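Me: I am new to this structure and would like to know what lies behind the terms used for it. Please show it first.

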Amino acid sequence: MKIDLKTLTKELLSASGKKKIEFGIKGKKHNGLCQQIIPGYFLVSYQDTTPGKTQKDLLATTINLVKEKVADQPGRNEKSSAAFKLSQYKEGLKVLNEISSNPDISSEQQIEEALGVCTEFLGLKSGILGRVEGDKYIADKIYSVDGRFRKDQVFNLEETFSDTVYKKEKILAIEDISKTTYKIHPGRELFHIESFIGIPYYVSGEKRGTLVFSSPEPREPFDQNEFEFVKLLSKWIAFILQQQEYEKNLMSDKMMLQVFASTAPAAIAMVDEHFRYIAASDKWYSDYGLEDEYIIGKSYFEVSPDIGQDWESIFKRAMAGNVEHNDQDLIEHENGDIQWIKWEVRPWYKKLDVVGGLIMYTEDISQQKEQQLQLKIAKRKAEQASKAKEQFLSTMSHEMRTPLNAIIGMTDLMLMEDQTPQQLKHLKLLKFSGENLLVLINDILDFNKIEAGKLEFEIADFNLKKLLEKIRSSLSTLAAKKNLNFDLKYDESIPGYVKGDAVRISQVITNLINNAIKFTEKGYIALKARLIHSEEESCIVKFEIKDTGIGIPEDKLDAIFQSFEQGSTETTRKYGGSGLGLAITKRILELMDSSIKVQSTVDHGSTFYFELELPLGQAKKKIPEEMKAETVLRDDLYLLVAEDNDGNRTLINSLFNKWNVNHDFAVNGREAVEKSDSKKYDLVLMDLQMPEMDGYEATKQIRLKQGKYFTDLPIIALTASVMSNVLEKAKKVGMNGYVSKPFDPNHLKEVIASHTNGDTPDIDHVVVEEVELVEELVEEPAEIIENPGNNNIDSFPYLKSLIGNDLTALAEIIKSTVKSIVNAKNGIVHGIAEDDVKKVRAELHVLRPNLHNVELGNLTKDLPKITELTKENKDLLEKLINEIEGELTSDRLNEYIE
């Protein structure tokens, strides 16, 4: 359709009384004919010469004229009318888009113009955006062609059609009210309404009011496009209102932020988008030396010209919406002072998605950093103290375990000989007591392991009655020395065999009975075991240890279970003891899901008791002593022994020759790795401390090699230390077990057999870990027999206990050992002369076990771990050398020197 603009202009001038009219579409002027002028969708600019007339009046007049032009077009039908309405709808959307994107008009003007566009699009006379407050309806925005309504007019809600729309919460459209039930609605007559369409609107999810359009004349039925246009407009207006509220809140927030930044006790400041100060706290002024300067309105970079360029980047990132922060930032001032600060820079907003500036927070954390430094120093000192404790415990383990091993070993030798029944009974009790004492010492030395809950329990079948009888037998002599009766009362209804850790249970009961004997001067000691409950698979047994001793004050009943605590200082002075026994007992029982309890009366005695749930066990088939099978090794075994000590190699060589075991030696870890590559061994005995490469690293290197052989190869640690950290490190690098030095030949044989007779633990899962190795203490076996002083083979009981009466083998071992001692002694002399502490330490490592093998371990018992060659250490080393030279000239050793 084409319309002659000249003709239309004349009609518009006549109808509107204007002197000049210009037409334009989308802001562009057009000459000649205008294509497809649709009502309401072109712009009209003019010079207003008629008082009282508005642009809206002119727009309405223009639309009516254009409608008449369109209506007069020949050939219109329903199809073209539908196309016309669709075109109207599309053009209406375009106009709304132009209005909403126009930066030159406010949001209020945008809503008013959009309201007018929609009213004309619907062909109605009035459009109202109103809000509901209680029973009132307030017209916030008005577009009225006929002047029936005005802005801010207040109506009674129930008298308006908006009341119905608001309550129904959905769109309502009536093209002819006279033909509906709404014809009696009070709003029809009151406001002269015959056609109506309305919809509620929501802001931030809250129903606020309605958007309604009406006319005093009926109209044709509303179509779907008109419904959609009204819905779209209500959502768009709701968005504008929500944005207005948000911006209003932002302005309020900005004011609050400014007040907060100005009054906060922390160092806080605000800047605008040009980084000019708009607020700052007193602490900000004081922290940055600005007390005498007024900074509001000044640029941050003007106030702080020495600030680094990196802060410009920080500000730019924050202006882009990021939150920048640093929990510890070091600042070096011009005067040389160092300051640590914690800071944060974040944006604040003046409009939705429009950053208005930045808010900054800083905190001086220099004092905290100093405290952290002091804590690190304290932690380092604590770790050093812990390491010293570990070294002390490791040294004590060598000094105490070695003589105990000798006692147990000598007992084993004596048990192999002929004895009277009484002697046999005494020897078995001696061995039982020695083994329990060894466990006790190990637990005390590794008390940290108990505290950490890392104590491991062995679950095995045992006869509870016999265990308690052994405990009574082993402690009866001690009780008898104090003329105390020692009774065992055992409930025979307790199942014969149970499962559990017999050694740990024995440790707990032995500890409690020892305490009872220690603190009882007259009367008796009683050990009771009573069945509390029994089921098919387990039973609960109550143990009681009762005495008639000094008793414990009520206020000390809890303290006695703490480490290094006893009932009183007087008790400690009179009876001695470390105060660890009950603490260990308590921890062990807790790990066994039990608890120790006590009842006590001062001067009348104490009763300690606890309950244990024990699974039922089975009796082991008893094998007569003469029928017990000796451990048998495979005749095709091929072992690798990594050992740098010549004397130990000679000793192991004699044992393996005696057992017909094929073997090779490696003098250090590197050689062990190389030999494991060149041959297939059934097992490796790996010393932990060796030159060039220690046993930990050698094991790790072997495990890292590709192939099932290197993964499955059993590797057994040889060590004089059974501290938990040493054994844990050995396990982490892939070792399968350990043999403690000095070793029991039978135990060594059993370990070899268990790992080479098809029972090797599956270690395919072993993951070699990077282990931070703490330098292991030099193995320091203590003396067994001090200076026997006779010139025959019996002067070497430890070696004889291992080899037996094979004098040739013994002589060879002694000769090799003495040679190692001489070489090590000479090496120490050279190391002192060259001030080479590493050489001295290496030679001491060789020297100590060799001295032990020939019963001279006492020579090194007072020698500390040498970490530096101080004058005091040099004096001790020279004393040791003189003592060794004296022993080498003795008849006992001289004959073995080459």
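Reply: This is a predicted model. A sheet is a good place to begin: five strands form an open sheet with parallel pairing, in the order β25-β24-β26-β27-β28.

Me: What makes β25 and β28 the edges of that sheet?

Reply: Strand β25 (662-666) and strand β28 (737-740) each have a single partner strand, so one side of each is left without a neighbour in the sheet. On average, neighbouring strands here are turned by 25° against each other, direction ignored.

Me: How do you know that β24 and β25 are paired?

Reply: Two strands pair if at least two bridges are found between them. Strand β24 (residues 638-642) is joined to β25 by five bridges, so the pair meets the condition. The two strands run parallel. Val641 has Phe665 in β25 as its bridge partner.

Me: Which helix packs on this sheet, and which strands does it touch?

Reply: Helix α18 (residues 646-658) does, touching β24, β25 and β26 (683-687). The direction of α18 makes about 170° with that of β25.

Me: Why is Ala318 called buried?

Reply: Buried means under 20% relative accessible area. Ala318 has 0%, so Ala318 counts as buried. Ala318 lies in helix α10 (residues 309-319). Leaving aside neighbours within four places in sequence, Ala318 is in contact with Glu324, Val345, Pro347 and Leu358. Ala318 and Trp348 are 30 residues apart in sequence, and their C-alpha atoms are 9.5 Å apart in space.

Me: Why is Ser286 called partly exposed?

Reply: Partly exposed is the class between buried, under 20%, and exposed, over 50%. Ser286 has 38% relative accessibility, so Ser286 falls in that class. Its place is in helix α8 (residues 282-287). From Ser286 to Ala267, the separation is 19 residues in sequence and 8.6 Å in space, C-alpha to C-alpha.

Me: What is the handedness of the crossing of α15 and α17, and at what angle do the axes cross?

Reply: The crossing is left-handed. The axes of helix α15 (residues 502-518) and helix α17 (residues 581-591) come within 10 Å and cross at roughly 145°.

Me: Which residues meet there, and how do they divide into nonpolar, polar and charged?

Reply: From α15 come Arg504, Gln507, Val508, Asn511, Leu512 and Asn515. They meet Gly581, Leu582, Ile584, Thr585, Ile588 and Leu589 in α17. The residues of this contact divide into six nonpolar, five polar and one charged. Arg counts as charged, so Arg504 is the charged residue of the contact.

Notes
Residues are numbered from 1 along each chain as its sequence is written. This is a predicted model: local features need pLDDT of at least 70, side-chain atom pairs count only at pLDDT 80 or more; totals for chains, interfaces and linings use all residues. Side-chain values use heavy atoms; hydrogens and water are left out. Axes are lines fitted to C-alpha atoms, for helices over the stretch in contact, and angles run from 0 to 180 degrees between N-to-C directions. Helices (H or I, at least four residues) and strands (E, at least two) are DSSP runs, numbered from the N terminus. A crossing is left-handed if the near helix is turned anticlockwise from the far one by less than a right angle, and right-handed if clockwise. Contact means heavy atoms within 4.5 Å. Buried means under 20% relative accessible area, exposed over 50%, partly exposed in between (1.4 Å probe, protein chains only).
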